[in-house]
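Open the model in your viewer and keep the selection panel at hand. The stops below say what to select next and what is there.

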Amino acid sequence: MKNRRKICKANMLITTCAMLTISNACAEWSQRGDISFQVQGFTDTAQHSATQSFNTSLSGSAEFNRAIGENGNLTISPFFRIDQHDDERTHVDLREFIYRYSGETWELNVGLGKVFWGVAESNNLVDIINQKDAVEGLSPEHKLGQPMVNILLLKDWGEISLFVLPGFRERTFAGPDGRPRGFLPIDSDNAAYESNAEDAHVDFAARISGAVNEWDLGAHLFHGTSREPLLIFPAFIPTPFYYQMTQVGVDIQATLESWLLKSEAIYRTGDSIIDHAQLVSGFEYSFYGVAESGVDIGVVAEWLYDDRGDKADTVFQNDMLIGFRFALNDEQSSEALLGMITDLDGGANVLTAEASRRVSDKFKLTLEATVWANAEKDLFLGQLEQEDYLQIEFGYFF
Amino acid sequence: MRIQLANQFMYRMNNSKSTEKMMKSTWSTTLAVALLIGASPLAHAQTPEELGLAISTQVSDQNDGFADSTSNMTMTLINRSGKKSVRRMRARTLETANDGDKSLTIFDEPADVKGTASLTYSHALKPDEQWLFLPALKRVKRISSKNKTGAFMGSEFAFEDISSQEVDKYTYKHLGEEELNGIAVHKIESYPTDKYSGYTRLINYIDKERLIGLKVEFYDRKDKLLKVLTLNDYEHHDAKHWRPARMEMVNEQTGKSTILEFSNYAFGTGLTDKDFSSNALKKLR
């Protein structure tokens, strides 16, 4: 590394850097990312206009990172997907384009950023900074880059994080030609807002978090535009409505040998909604090296609750996740995950299965299946009954 | 909706549980020490058990006082037909006053786990604390540190093999002295005290003169020979710290093996507690 840098300094600083007139052109970028090909197969005929049984798409994501001066750092994370059928799913995004300055006891982050808060497996109620890139899939891990100015105060016991969020990202939804989706496509081009500032509303957030022995604790406050829209129906077309709200929340995890106890809770208030509390609470227990096979099995159970009951705009008003995680601990890092979320009131089920395996040092194969069952009576999930699908993804990693 | 897959395959990297007087060990001492017991001037009037303990304590003490260390690791997995696959990692360790080490491991290869990192605070009397950073999610996840017997990254090294060894984790018996490849060694048997260990006993071959481990034989729960570890290419860093540059673990039951190589060792590099925080974990590249 040192030699490379020396050569770089000697030769390139004079030539390349002078040409580019960028003083730091020789600094090295680190990068990671993937290019993935995805095939989805739908087992039933759609009850809407998108009738394809198969869909293919190509996606790519990368993270480039480099130092800027002694204490600075720049991260650039582009993403794209090209989808065979759905124009809404064909999209690009900058997940991150963020500059960080690290002081002795503080840190400043400015730009488009990605932040994760929470501890739960089924639904991270407290994870509110970024909008979901929902057209990417059901998993909440797909997020759009959020404009932010963030100050982090580092303490011995943890940290205090303050956010100013200038600008709002609308949630992505499957378009008229996309699957899976409900009966009517959501008109994401004509989103409505409670605030006159619309997507230019400046939001604020603060979080305090830390670890005390086996406890990890976090608490947050958020004021601004809800990341989850309500659906309104002007001219009978489902259209997102982004309301203003204030939210407080906590997240707690206790790590007790093989037991992980996890809870997230929020209380949300706003003029356009019923003030309400939501909770996700449960555990994960791991069996290591089952029957001397080297296989680990984890059991996850979480209860999801919304105190509005039937009036809730979310699907998780009184639901239970039961999940199993299998890790073979083999050379290919083979893993599998089975999960079922059951509505304890209505009986609707969502079953998901996921399995992945490294194929060579650079490739990985991932299978996913999602089935909605017994959902006829559920206003939201009932629309997805005919949308069961199997997905195969083959990724090249670098 | 869906449970997020945690990349748990590597989450139990370094599980040191040093006590105050014990070594604060790095990754490789760790392995080195697994076998250690050394030449001893204390050999008078002792039972084989007392002698084993005395020597292992002495070997442990020898590894103290490096403040912090960094190194690069290359792990080569070789299956029965000779096919190889490679993992690359970077390790950082910090000695902590009156407590176990803090350690960080950053994964570089294979590419699908690039950027993943683990952080461990080891403790003498209470369970270790352990976090995993998943770069695609920007998520720092607290995980259980209880797994002992699991394979590290699919290799022949179990988590308990690569975790920091401490004298208290075993009881000992000095079996005798013999020659190994022309070097005079102590042959010492050790018995894990942890009921979750995958081994009934280990036989350690310790260089009498340098007080370093040269070979370990691991016996499984049925007391059959499971694995043999050899430690080679020792280097004497800063004239103080013995570290093997190459270790080979052969599974005698499956024929698979793993070679672990260390390079770019540095000691006393000025790392502090701040470099071992969960916020620091997010910033590693």
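A residue counts as buried if 20 or more other C-beta atoms lie within 10 Å of its own, as exposed if 12 or fewer do, and as partly exposed in between, with the C-beta atoms placed from the backbone. This is a predicted model, in which local features need pLDDT of at least 70 and side-chain atom pairs count only at pLDDT 80 or more, while totals for chains, interfaces and linings use all residues. Residues are numbered from 1 along each chain as its sequence is written, and chains are lettered from A and ligands numbered from 1 in the order in which they are written.

**Stop 1: B:Ile203**

Select B:Ile203, which lies in strand S9 (residues 199-207) of chain B. Helices (H or I, at least four residues) and strands (E, at least two) are DSSP runs, numbered from the N terminus. Is B:Ile203 buried or exposed? B:Ile203 counts as partly exposed, because it has 18 C-beta neighbours inside 10 Å. Now add its contacts; two residues are in contact if their C-beta atoms, placed from the backbone, lie within 7 Å. Leaving aside neighbours within four places in sequence, B:Ile203 is in contact with B:Lys187, B:Glu189, B:Val216 and B:Glu217. Then pick B:Leu175, which is 28 residues from B:Ile203 along the chain, with 9.0 Å between the two C-alpha atoms.

**Stop 2: B:Glu177**

Go to B:Glu177 in strand S7 (residues 170-180) of chain B. B:Glu177 is partly exposed because 14 other C-beta atoms lie within 10 Å. Its contacts, apart from neighbours within four places in sequence, are B:Ala184, B:Val185, B:His186 and B:Lys187. Draw a distance from B:Glu177 to B:Phe133: they are 44 residues apart along the chain, and their C-alpha atoms are separated by 46 Å.

**Stop 3: the cores**

A nonpolar core here is a set of buried Ala, Val, Leu, Ile, Met, Phe, Trp, Tyr and Cys residues joined through C-beta atoms within 7 Å. Select B:Phe152, B:Phe157 and B:Ile206, the residues with the most contacts inside the largest nonpolar core, which has 34 residues. Helix H2 (residues 48-62) of chain B gives the largest share of this core, five residues. A second, separate core has 27 residues, including A:Leu125, A:Met148, A:Phe222 and A:Ala348.

**Stop 4: chain A as a whole**

Show chain A alone: one helix and 21 strands. The radius of gyration of chain A, taken over C-alpha atoms, is 23 Å. The globule rule (2.2 Å times the number of residues to the power 0.38) gives 21 Å for 398 residues, which is close, so chain A is as compact as a globular protein of that length. The C-alpha trace spans about 70 × 55 × 50 Å along its principal axes. Of the 398 residues in chain A, 36% are buried.

Colour by pLDDT, the predictor's confidence in each residue, from 0 to 100. Chain A has a mean pLDDT of 90, and 93% of its residues reach 70 or more. Over residues 1-26 of chain A the pLDDT is below 50, and this stretch has twelve contacts in the model beyond near neighbours in sequence.

**Stop 5: strand S14 of chain A**

Select strand S14 (residues 259-269) of chain A and show side chains: A:Leu260, A:Lys262, A:Glu264, A:Ile266 and A:Arg268 point to one face and are buried. A:Trp259, A:Leu261, A:Ser263, A:Ala265, A:Tyr267 and A:Thr269 point to the other face and are not buried. In a regular strand the side chains alternate between the two faces of the sheet.

Two strands pair if DSSP finds at least two bridges between them. S13(A) and S14(A) pair in the antiparallel sense over eleven bridges, and A:Ile266 is the bridge partner of A:Gly249. The hairpin of S13(A) and S14(A) has two residues between the strands, and there A:Glu257 takes a positive phi near 50°. S14(A) also pairs with S15(A) in the antiparallel sense, over ten bridges, with A:Tyr267 opposite A:Ala277. Six residues form the link in the hairpin from S14(A) to S15(A).

**Stop 6: the three-strand sheet**

Next select the open sheet with the order S8-S12-S11 (chain A) and mixed pairing. Its edge strands, S8 (192-193) and S11 (230-232) of chain A, each pair on one side only. S11(A) pairs with strand S12 (residues 239-242) of chain A in the antiparallel sense over three bridges, and A:Leu230 stands opposite A:Phe241.

**Stop 7: the contact between the chains**

Finish with both chains shown: the contact takes 46 residues from chain A and 31 residues from chain B. On the side of chain A that touches chain B, S19(A) supplies the largest share, five residues.
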